[in-house]
Amino acid sequence: EELFAHVPHGIQWGLERMEAFLHDTGDPHLGIPCVHVGGTNGKGSVASTVATVLARAGHRAGLYTSPHLCSFRERFQIGGVPVDDDELRELVRELDPEIRRHSLTFFEAATGLAFHLFRRREVEVSVIEVGLGGRLDATNVVAPFLSAVTNVDLDHCDYLGSTLNEIALEKAGIIKSGVPLLTAEPDARIRSVLSATCDSLMAPFLHVESEPGSMSVDVREDHTAFDVSTPAWGRLRLQTPLPGDHQAVNGALAVALLEWMPPHFRPDRAALVEGIAQVNW
């Protein structure tokens with residue numbers, strides 16, 4: 001209420017406001033290498049896991065997620081630490097005239113804050129979670145080096161479409177020309193929608209095989225253990241603090257994203273194992 005008393009909280013489709021705001025405030029989103037994570041379920045877990053491992057590997061990693069559970073500060077994390085209250089207030093005071101001038105919505109304003117915060121804090125790499133859908137989501141102004149769509153299910157049908165095919169096309173809207181897309185989507189029909197978009201944009205497409213039955217998943221109250229096979233690190237037995245069969249799938253997708261990182265961001269085996277064990281989501 002203090003930061004955004006004047007900002008509308010509804011959904012207004014389109015990237016024009018966001019692009020104009022960022023252009024007029026120095027395009028902070030274009031100077032930081034980025035991983036863009038969309039999908040219906042699990043995108044927050046995947047994004048958090050990737051950011052945690054990158055931080056464990058010694059990189060200054062920014063993480064932007066939504067919604068928050070307890071504090072607005074949770075949306076903006078650097079090295080796993082939410083932004084400080086005073087820093088957030090100062091940034092809002094600086095950007096408020098432009099936020100008002102461009103009539104940004106609440107989510108657009110929050111997304112713009114994330115980009116400016118990460119630039120100010122000299123983040124080396126950022127992991128950005130899609131808010132709603134993909135094609136027209138405020139985060140879809142980024143120029144990522146990797147993209148992911150965790151999966152596709154019926155969600156927000158009043159905005160994204162009434163069929164899985166329509167929703168898949170909206171989520172496929174984050175795919176960029178030449179940028180690899182990774183997915184753990186189990187349905188071949190949905191994967192065909194994603195892969196067709198990749199083909200049209202000459203973007204590499206990778207389906208991460210992640211059936212819990214083939215991963216020796218062991219779910220306990222406080223963790224999930226699972227196996228993955230990787231070209232870079234061989235066969236791994238990993239443990240995440242996030243409980244549930246689905247978290248093994250999310251973990252496998254996160255591992256694949258980390259394996260596809262450029263060499264200077266790709267973690268070693270120890271950082272990967274330790275980082276996944278330290279995820280807090």
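In the predicted model, Ser 48 contacts Leu 63, Val 279, Asn 280 and Trp 281, sequence neighbours within four places left aside. Ser 48 belongs to helix H2, which covers residues 43-56. The relative accessible area of Ser 48 is 3%. Ser 48 is therefore buried, as this value lies under 20%.

Strand E5 spans residues 125-129. Five of its five residues are buried, so E5 is largely enclosed by the rest of the structure. The side chains split into two sets. Val 125, Val 127 and Glu 129 point one way from E5. Ser 126 and Ile 128 point the other way. Both sets are buried, Glu 129 and Ser 126 included.

Two strands pair with E5. Strand E1, residues 34-38, pairs with E5 in the parallel sense. Four bridges make up this E1 pairing. Within it, His 36 has Ile 128 of E5 as its bridge partner. Strand E2, residues 61-64, also runs parallel to E5 and is joined to it by four bridges. Here the bridge partner of Gly 62 is Ser 126 in E5. Ile 128 and Ser 126, the partners of His 36 and Gly 62, point the same way from E5.

The loop between E2 and E3 holds Pro 67. The peptide bond between Ser 66 and Pro 67 is cis. Its omega is about -5°.

Helix H3 runs from residue 85 to residue 101 and has 17 residues. From first C-alpha to last, H3 reaches 24 Å. This is close to the 24 Å expected at 1.5 Å a residue. H3 nevertheless bends by about 50° at Leu 95. A proline, Pro 97, follows within four residues of the bend. At the start of the helix, Asp 84 reaches toward the backbone of Asp 86. A side-chain oxygen of Asp 84 comes to within 2.9 Å of the backbone nitrogen of Asp 86.

The buried residues of H3 are Glu 87, Leu 88, Leu 91, Val 92, Leu 95, Asp 96 and Ile 99. Leu 95, the site of the bend, is thus among the buried residues. The buried residues of H3 pack against three elements: helix H1 (16-24), strand E3 (76-78) and helix H4 (106-120).

Glu 98 also lies in H3. Its relative accessibility is 21%, so Glu 98 counts as partly exposed. The cut-off for burial is under 20%. Leaving aside neighbours within four places in sequence, Glu 98 is in contact with Phe 21, Asp 24 and Thr 25. Phe 21 is 77 residues away from Glu 98 along the chain. The C-alpha atoms of Glu 98 and Phe 21 are nevertheless separated by 6.7 Å.

Two loop residues other than glycine take a positive phi. One of them, Ser 103, comes just after H3. Ser 103 sits in the loop between H3 and H4, with phi near 55°. With a relative accessible area of 45%, Ser 103 is partly exposed. The other is Glu 122, in the loop between H4 and E5. Its phi is about 55°, although Glu 122 is not a glycine. At 64% relative accessibility, Glu 122 counts as exposed.

A further sheet is open and has three strands, in the order E9-E10-E11. The pairing in this sheet is antiparallel. Strand E9 (218-219) and strand E11 (234-240) are the edge strands, each pairing on one side only. E9 is joined to strand E10, residues 224-230, by two bridges. Val 219 stands opposite Thr 224 of E10. Helix H8, residues 245-259, packs on the sheet. H8 touches E9, E10 and E11. The direction of H8 makes about 35° with that of E10.

How values were computed. Residues numbered from 1 in each chain as written. Predicted model: local features only at pLDDT ≥ 70, side-chain atom pairs only at ≥ 80, totals over all residues. Heavy atoms only, no water. Expected span 1.5 Å × (residues − 1). Bend = angle between axes of the 7 residues up to and from the residue. Buried < 20%, exposed > 50% of the residue type's maximum accessible area, 1.4 Å probe, protein only. Contact = heavy atoms within 4.5 Å. Polar contact = N/O pair within 3.5 Å; in protein donor to acceptor, adjacent residues only side chain to side chain. Pairing = 2+ DSSP bridges. Axes fitted to C-alpha atoms, helices over the stretch in contact; angles between N-to-C directions.
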